Each structure stands twice: as C-alpha cells, then as structure tokens.
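Dear colleague,

Please find below the structure that I am handing over to you. My notes on it follow directly after.

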Amino acid sequence: MKKNLKLRAVVSPTPAIIAAAYDENGKADACTLAFYAPTSHKPPCLTIAINATAKRKTLKSILHSGAFTIGYPSVEQIAEADWIGMASGYEHDKIAEVGWSVTKAEMIDAPVINELKLTIECKVVKTVTIGSHTQITGEVVNIQADDSILDERGRYSLEKLKPIIYDEENWRYLAVGDGAARAFNSGLVFKKEG
Ligand SMILES: Cc1cc2nc3c(=O)[nH]c(=O)nc-3n(C[C@H](O)[C@H](O)[C@H](O)COP(=O)(O)O)c2cc1C
C-alpha cells in the first residue's frame, strides 16, 4: 500500500551546495541551497532556485552581477554550510564568521570559496520566477577542483569530496554512501541479444 505525503519541492536526496556572488560593493555573498539541478549538457548548464519573496541577499547579488559560483561543502564542513544557510548576508559577514575566505573566479566576476574543494563557475543565461522562487540557469564556464579530490586519472572522486546530502523530510544531513554499481552498465543484464 502507498500513502500520499505532504506536498513539498525538495524530495530528498539532494545535495546541499553553496552559491556565491559579489554584491554591488564587491562583497562576497553566499547561501546554502538544496534547490539545484543540472539542466543541459550542451552547453553545460545548471539551475538553482532562490526564494524571491524572502529577500535573499545572494539572489540580489547574482541578479546584479550576472554570475555565480556553486561549491560543494564536505561532511567535515556541515556546520559552516548550515550557518551559511541560516544567517543572512544582510546582517552577517557569514563567510568570515565561519573562517572561510574567497578568491575571484577565473572566468567570471564571482567569488570562489577557497575552502570548498569543488567549485563550478556559472554565467547567468536565464532567470524565471515561478511561485516563491526565482530559478537561475547558469552556463558552466569553469570547474575548479582541489588536487586532493582527484583520482589518479584526474577525475574528481565523490569518495574524496564527501558531499553533503540534505534530507528535507527529517531536517538532517547525510554522507554519501559506498559505490553501488557501474552506471550505463548494470542495466545491460536486460539487453536482448540481436
Ligand atoms: C540545507 C539548506 C538548504 C537550503 N536551500 C535553499 C534553497 O534551495 N533556496 C533558498 O532560497 N534558500 C535555501 N536555504 C536558505 C538560505 O540558504 C538562507 O535563507 C540564507 O540565510 C540566505 O542568505 P542570504 O540572505 O545571505 O542570501 C537553505 C538553507 C539550508 C540550511
């Protein structure tokens, strides 16, 4: 038997990521997001959604600068990511409060949080507001990875990155588990010959 659950947008698992952008004074803003989706291969694009009715400072900064980064905090950085998702840049210098620092991105005018080991640089290509949130689609123009999360073939490794999974249903964070199987391969057991 199946049951209908409470309506909500975040049906976990989804990663908790940190979006960052410069405000009109060149100050770096950041907020934690669970509303995040990859949305195009060519060109590579991803879409984030930020609450427009709640006046998020990071949303204002992204719309002003036309650029943003998203970075992946690790399970060792849960407290920092949680605080960046609780306090607002209107009242707090959150990045400094958690002891982090920023460097300007290589390809866009947006801050890269130095302590995050995987960062995607995005140029805003489209925004649309549906309901409470403004969806911002960014074209991926650069991906920066720390050496420490790369494997011997130069690919980033989720085991090394240790991203955070956000569980909206239970208001908690989880770690990514073990590798389970090979993708685009496991399904071959159902392929009929000829
Ligand atoms: C785990 C987590 C996920 C969140 N996801 C979103 C989200 O997807 N969209 C959003 O607008 N706010 C989200 N928030 C809330 C913002 O991060 C929060 O309101 C933040 O204080 C906004 O900061 P700002 O005003 O400096 O931009 C999330 C917070 C947490 C802790």
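A residue is called buried if 20 or more other C-beta atoms lie within 10 Å of its own, exposed if 12 or fewer do, and partly exposed in between, the C-beta atoms being placed from the backbone. Please note that this is a predicted model, in which local features need pLDDT of at least 70 and side-chain atom pairs count only at pLDDT 80 or more, whereas totals for chains, interfaces and linings use all residues. Residues are numbered from 1 along each chain as its sequence is written.

I begin with the backbone. Most residues other than glycine have a negative phi, and most peptide bonds are trans. Phe-184 has a positive phi, near 55°, and lies in the segment after strand E12 (172-175). Strands (E, at least two residues) and helices (H or I, at least four) are DSSP runs, numbered from the N terminus. With 6 other C-beta atoms within 10 Å, Phe-184 is exposed. Lys-162 also shows a positive phi near 55°; this residue is found in the loop between helix H4 (158-161) and strand E11 (164-167). Lys-162 counts as partly exposed, because it has 17 C-beta neighbours inside 10 Å.

Two cis peptide bonds should be mentioned as well. One joins Ser-12 and Pro-13, with omega about 10°, and Pro-13 is found in the segment before strand E1 (14-15). The other runs from Lys-42 to Pro-43, with omega near -10°; Pro-43 lies in the loop between E4 and E5.

That loop leads to the strand pairing, where two strands pair if DSSP finds at least two bridges between them. Strand E4 (residues 36-40) and strand E5 (residues 45-51) are antiparallel and share four bridges, forming a hairpin with four residues between them. Within this pair, Pro-38 stands opposite Leu-46 in E5. E5 is also joined to strand E10 (residues 133-145) by seven bridges, again in the antiparallel sense, and there Ala-49 stands opposite Gln-135 in E10.

Finally, which residues come nearest to the ligand? Of the 21 residues around it (C-beta atom, placed from the backbone, within 6 Å), these are Phe-35, Thr-58, Gly-85, Ser-88 and Gly-89. Strand E3 (28-33), E5 and helix H1 (57-65) each supply at least two residues of this shell, and E3 gives the most, with four. The shell divides into eleven nonpolar, six polar and four charged residues; here Ala, Val, Leu, Ile, Met, Phe, Trp, Tyr, Cys and Pro count as nonpolar, Asp, Glu, Lys and Arg as charged, and the others, Gly among them, as polar.

Yours sincerely
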